[in-house]
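Me: I'm new to this one and would like to go through it step by step. Can you help me read it?

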Amino acid sequence: MAPTQKKLFGTDGVRGVANHDPMMVEMAVNLARAVAHVLRERKKGKRPRVIIGKDTRLSGYMLENALVAGLCSMGADAILVGTLPTPGIAVLVRDQKADAGFVISASHNPFEDNGIKLFSCDGYKLPDAEEAEIEAFLHDPAPLLAQLPDGGLIGKSFRVEDALRRYVDFCKGTFPKGMDLKGARIVLDCGNGATYRAAPLVFRELGARVTTLHAMPNGLNINAACGSQHTDALREQVIAERADIGLAFDGDGDRLIVIDENGVELTGDHILYACAKALKAKGQLANNLAVATVMSNFGLNEAMKKEGIRLLRSAVGDRYVLETMQREGGIIGAEASGHMIFLDKHTTGDGIVSALQLLAVLKEAGVEMSELAAGMRMYPQKLLNVKLARKPPIESIAPVQALIREGETELGDNGRILVRYSGTQNLCRVMVEGPTEEMTARICDGIASAIQAEIGA
């Protein structure tokens, strides 16, 4: 029996430490060749056009050139847009009438990591079936090498010089017509990532008074003690300036975490609650539906129930939030981590666009951010990440399963336990929510310790 091949695509593309397997130049070349080949087959031999964008990681230059080489060697044209948020690539794919788009980014991961995500021609992330078709060529690239074109059939590359302006204008176009942000005091934390140019432009051009933090990327400082996962500096700045709101983006700009005027951090759950409630009040909440994930706080259920809003939960990953929204006819969904999807505005999660929708709600309501989010009470939650040596099925680890059953019995209907492997990192995530901080921490610590003992690195 042939050995099982390791799956390369996770919940959001291929990801790993740059210049280590699988994030090698050779993989990127073959990935680009595979995409070009699949596109050529669909276009019946016509030359495909593929967008390539990236965040601010040092390794992005290396992988960008590898993707260009792979595309051109398989007879596709590469369209370079430089550093741009991930959702900006979805915009440019449609704007340039391209056949697909690559994003070189590892999102919220440290700079040593990198990844490659894919968008289809309509600006949506590729479904699992299409990724599997492409991945098959990565495990066996021989068929690609046998079909390399020559002469005038080799592809070329060129740049879209005004890509940033096109994306900024798109974002501004999602803000209500006739409304501006004059008088608003906003602090931005760009995480030394892909929003470092776009976000300040968008909010300033709409009239806000903007202070920008962590907008000087050097290739090594993306997400380093800043951005959506590290909000201490942003909280301090909001309080110091008496700002109305703080907005934190992750490295590739598809997440948003909010700091209210009191310096309190608000998650994607709070944003989903506030925006869904406002849409319902205006009769614009399609099918009276909001979509969250299994990681969203238990308190979100109670808040939505109180507002009479139907809440569905998907698997973790913005692609699964989107699938549920499309299947059920929803227009708003979110992950607690800050991935927000406003499907009537964009095809994918966009931190800047999400911030604009929230600010529109805030301005229409005429209240402070803390009041807008006050209707949702967060249950005590603890999340631990355990580094792993291996990933056997969770249900096969008897000591861990025993502790999960004990914890669920103790929590009853007043909390929940979620244990899952990360789709993008070699981690096991243990999340517990309960009625008290003590109980929540005790159950979470016990399960995490058992995982560490059994399969920890």
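Reply: Gladly, and let me start with a term we will need: a residue is called buried when its relative accessible area is under 20%, exposed when that area is over 50%, and partly exposed in between. Please also keep in mind that this is a predicted model.

Me: OK, let's try that out. Is Thr-86 buried or exposed?
Reply: Thr-86 has a relative accessible area of 1%, and because buried means under 20%, Thr-86 counts as buried. Its place is in helix 3, which covers residues 86–95.

Me: And which residues does Thr-86 touch, apart from its neighbours in sequence?
Reply: Once the neighbours within four places in sequence are left aside, Thr-86 is in contact with Val-103, Ser-105, Lys-117, Phe-119 and Asp-252.

Me: Lys-117 is on that list. Where does Lys-117 lie, and is Lys-117 buried or exposed?
Reply: Lys-117 belongs to strand 5, residues 113–120, and with a relative accessible area of 1% Lys-117 is buried. Its contacts beyond four places in sequence include Asp-12, Gly-13, Arg-15, Thr-86 and Asp-254.

Me: With which side chain does the side chain of Lys-117 make a polar contact?
Reply: That partner is Asp-252, whose side chain makes a polar contact of 2.6 Å with the side chain of Lys-117. Asp-252 is also among the residues in contact with Thr-86.

Me: Switching to salt bridges, how many are there?
Reply: The count comes to 28 salt bridges. One of them joins the side chains of Lys-156 and Asp-77, with 3.1 Å from N to O, and this pair links distant parts of the chain, since the two residues are 79 residues apart. Lys-156 sits in the loop between helix 5 and strand 6, whereas Asp-77 is in strand 3.

Me: For that pair, what are the accessibilities of Lys-156 and Asp-77?
Reply: Lys-156 is partly exposed at 46% relative accessibility, while Asp-77 is buried, with a relative accessible area of 6%.

Me: Which residue does Asp-244 meet in a salt bridge?
Reply: The side chain of Asp-244 meets that of Arg-185 in a salt bridge of 3.3 Å, N to O. Asp-244 lies in the loop between helix 8 and strand 9 and Arg-185 lies in strand 7, so the pair ties together parts that are 59 residues apart in sequence. Asp-244 is partly exposed at 27% relative accessibility, and Arg-185 is partly exposed at 28%.

Me: What about Asp-232 and Arg-235, where do they lie?
Reply: Both lie in helix 8, three residues apart, which is about one turn of the helix. They form a salt bridge in which the closest N and O atoms are 2.4 Å apart, and both count as partly exposed, Asp-232 at 47% relative accessibility and Arg-235 at 25%.

Me: Which residues are linked in a network of salt bridges?
Reply: Arg-165, Asp-169, Lys-172 and Glu-205 are linked in such a network.

Me: Now the inside. How many residues does the largest nonpolar core have?
Reply: The largest nonpolar core has 71 residues, and those with the most contacts inside it include Leu-181, Ile-186, Phe-203 and Ile-352. Helix 12, residues 351–365, gives the largest share of this core, nine residues. A second, separate core has 36 residues, including Val-35 and Ile-134.

Me: What does Ile-352 touch?
Reply: Leaving aside neighbours within four places in sequence, Ile-352 is in contact with residues including Tyr-167, Cys-171, Phe-203 and Phe-249.

Me: One last topic, the backbone. Where is there a cis peptide bond?
Reply: A cis peptide bond joins Asp-21 and Pro-22, with omega at about 5 degrees. Pro-22 lies in the loop between strand 1 and helix 1. As background, most peptide bonds are trans, and most residues other than glycine have a negative phi.

Me: Then which residues have a positive phi without being glycine?
Reply: Ala-225 has a positive phi of about 55 degrees, and Asn-288 has a positive phi near 50 degrees. Ala-225, in the loop between strand 8 and helix 8, is exposed, with a relative accessible area of 60%. Asn-288, in the loop between helix 9 and strand 12, is partly exposed at 27% relative accessibility.

Notes: Residues are numbered from 1 along each chain as its sequence is written. This is a predicted model: local features need pLDDT of at least 70, side-chain atom pairs count only at pLDDT 80 or more; totals for chains, interfaces and linings use all residues. Side-chain values use heavy atoms; hydrogens and water are left out. A salt bridge is a side-chain nitrogen of Lys or Arg within 4 Å of a carboxyl oxygen of Asp or Glu. Helices (H or I, at least four residues) and strands (E, at least two) are DSSP runs, numbered from the N terminus. Buried means under 20% relative accessible area, exposed over 50%, partly exposed in between (1.4 Å probe, protein chains only). A nonpolar core is a set of buried Ala, Val, Leu, Ile, Met, Phe, Trp, Tyr and Cys residues joined through side-chain atoms within 4.5 Å. Contact means heavy atoms within 4.5 Å. A polar contact is a pair of N or O atoms within 3.5 Å; within protein, one must be able to donate a hydrogen and the other to accept it, and residues adjacent in sequence count only if both atoms are side-chain atoms.
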